[in-house]
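Visitor: I'd like a close look at one single part of this protein, the residue that UniProt lists for "active site". Could you walk me through where that residue sits and what lies around it?

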Amino acid sequence: MVTTNIPRLVIAAPASGSGKTTVATGLMRAFADAGLAVSPHKVGPDYIDPGYHALATGRPGRNLDAYMCGPERIAPLFLHGAAGCDVAVVEGVMGLYDGASGQGELASTAHVAKLLKAPVVLVVDASSQSRSVAALVHGFASWDPEVRVAGVILNKVGSDRHEALLREALTESGVPVLGAVRRVQQVHTPSRHLGLVPVAERSTEAVEAVEAQASQVREGCDLQALLALAHSAPPLTAEQWDPTTTGLRAGVPQGGTGGHKPTTGPHPKNAPVVAVAAGPAFTFSYTEHTELLKAAGAEVVPFDPLHDEALPDRTAALVIGGGFPEVYAPELSANEPLRKQVAALAATGAPVIAECAGLLYLSRSLDGKPMCGVLPADARMSGRLTLGYREAVAIADNPLAPAGTRVRGHEFHRTVTEPGAGAAPAWGFTHPERRTEGFVAGGVHASYLHVHWAGAPGAAARLVAGAAAHG
């Protein structure tokens, strides 16, 4: 255990849509522009906001999900990501006290703030209220005495007069106003069926959006007061998460690592190559996954299924994460040489891990466009959003886990596959409903379920061991 004192803030809100992403990302960039090394974090499973955080800070955006990774890993993961930084900014999820459905505070922003002993700044949409804002802030500040709501940023303020009324009302709440962002300056960040458009798809527009958010925060917020508040966070005592030891410690009891030892430092010439799908169609990936793969001894090589016509040289395993293949179905289908290579690799029994978007890419077709044909399933867009945390158990031995392994994950998609599960399903869901889902065949593991490997110790080491054995 170590005790560290990393200055830190949690940016929260009473509800989704209040503007916390704009404020958090803008604050990150404003601090970075002031010469600070900023560590960006996001509460919950979201992949898209961390992309904007990374753009704002120049450091990897990292998730803090107490449901998927366990409350006990939140402080260690935070310390790992924030090591060497001057300040950390944590963007919350949904409303401050909204967590995993039916499980109290678990995985809520408030829960994570308590685990990090971090002060909370509440971003309030003030567009349709004046004095009532004081009652709202008082309620949030007093609901849980262990949550320190230490400041308010007023968002969507209409005028100087409106701001004066809001500030006057809040003097009675005892919670200081640390900023007021005007309604007319709201930054437009394009979105679609699963939320914001990822950074990788926007390039110049994304940079401009982050700059505009930073400008809003600089103009409307007291940066010195916010930084002082971050410095008021008390020391945090925890064991810093380490990808070089985490996988082995829990991996062996779950089926072992096939004798393959993790390594640090330069990759040996015979290190198994794990190819990881990237580019605009496959943007969903947790930073820790690559760190765990490298720590387990793999050479991780990204490739873009939209443009690369061949897998990286010596590919021994393939990871295809989440993203938006439905947006790029014609282009993915047109890259026939790569589709055939992916199918050929899967046919050899090499480990092939596909989550959500990867599941669609491995299917026979997506919205009528030919895909890789690895799975006996067809995928299409649907009008129904499937969203939520899941508890699951591995039905069969697979490249990530032996049969019987229990995990916690997250589903987030507006597509369906027909059928929804193979003869050997990937997972049996146990909560909130019972059903089977996904496909396991040979070395292929394909499913809609997103799993954070920091919460599934041994998964990365098992995958790399399989890649080394396949050779």
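Guide: Let's start with the spot itself, bearing in mind that this is a predicted model. Look for the loop between strand 15 (352-355) and helix 13 (357-362): that is where Cys-356 is found. The "active site" label on Cys-356 comes from UniProt, in an unreviewed entry.

Is Cys-356 buried or exposed? Its relative accessible area is 7%, and the cut-off for buried is under 20%, so Cys-356 counts as buried. As for company, leaving out residues up to four places away in sequence, Cys-356 touches Phe-412, His-413, Ser-447, Tyr-448 and His-450.

Being a bench person, you may wonder about disulfides. The structure holds 0 of them. Cys-85 is in no disulfide, and the nearest cysteine sulfur, that of Cys-69, is 19 Å away. Cys-85 is also buried, because its relative accessibility is 11% and the cut-off is under 20%. Cys-356 is in no disulfide either; here the nearest cysteine sulfur belongs to Cys-372, 15 Å away.

Now follow strand 15 from that loop, since it leads to another element. Strand 15 is part of what covers the buried residues of helix 14, and that cover also includes helix 10 (287-295) and strand 14 (315-320). The buried residues of helix 14 are Ala-459, Ala-460, Ala-461, Arg-462, Leu-463, Val-464, Ala-465 and Ala-467. Helix 14 runs over residues 459-470, which makes 12 residues; at 1.5 Å a residue they should span 16 Å, and the end C-alpha atoms are 17 Å apart, so the two values agree. Right after helix 14 comes Gly-471, with a positive phi near 65°.

Stepping back to the nonpolar cores, the largest one has 113 residues, and Phe-78, Leu-154, Leu-293 and Trp-453 touch the most other members. A second, separate core has 35 residues, among them Ala-346, Tyr-361, Val-444 and Ala-446. If you want to zoom in on Phe-78, its contacts beyond four places in sequence are Ile-6, Arg-8, His-41, Leu-64, Ala-88, Val-90, Leu-116 and Leu-236.

To come back to your residue: Cys-356 is a buried cysteine, placed in the loop between strand 15 and helix 13, in no disulfide, and in contact with two histidines, His-413 and His-450, as well as Phe-412, Ser-447 and Tyr-448.

Definitions and conventions
Residues are numbered from 1 along each chain as its sequence is written. This is a predicted model: local features need pLDDT of at least 70, side-chain atom pairs count only at pLDDT 80 or more; totals for chains, interfaces and linings use all residues. Side-chain values use heavy atoms; hydrogens and water are left out. A nonpolar core is a set of buried Ala, Val, Leu, Ile, Met, Phe, Trp, Tyr and Cys residues joined through side-chain atoms within 4.5 Å. Buried means under 20% relative accessible area, exposed over 50%, partly exposed in between (1.4 Å probe, protein chains only). Contact means heavy atoms within 4.5 Å. UniProt positions are given in the numbering used here, feature names are shortened, and annotations may be inferred rather than shown by experiment. Helices (H or I, at least four residues) and strands (E, at least two) are DSSP runs, numbered from the N terminus. The expected span of a helix is 1.5 Å times one less than its number of residues. A disulfide is a pair of cysteine sulfur atoms within 2.5 Å.
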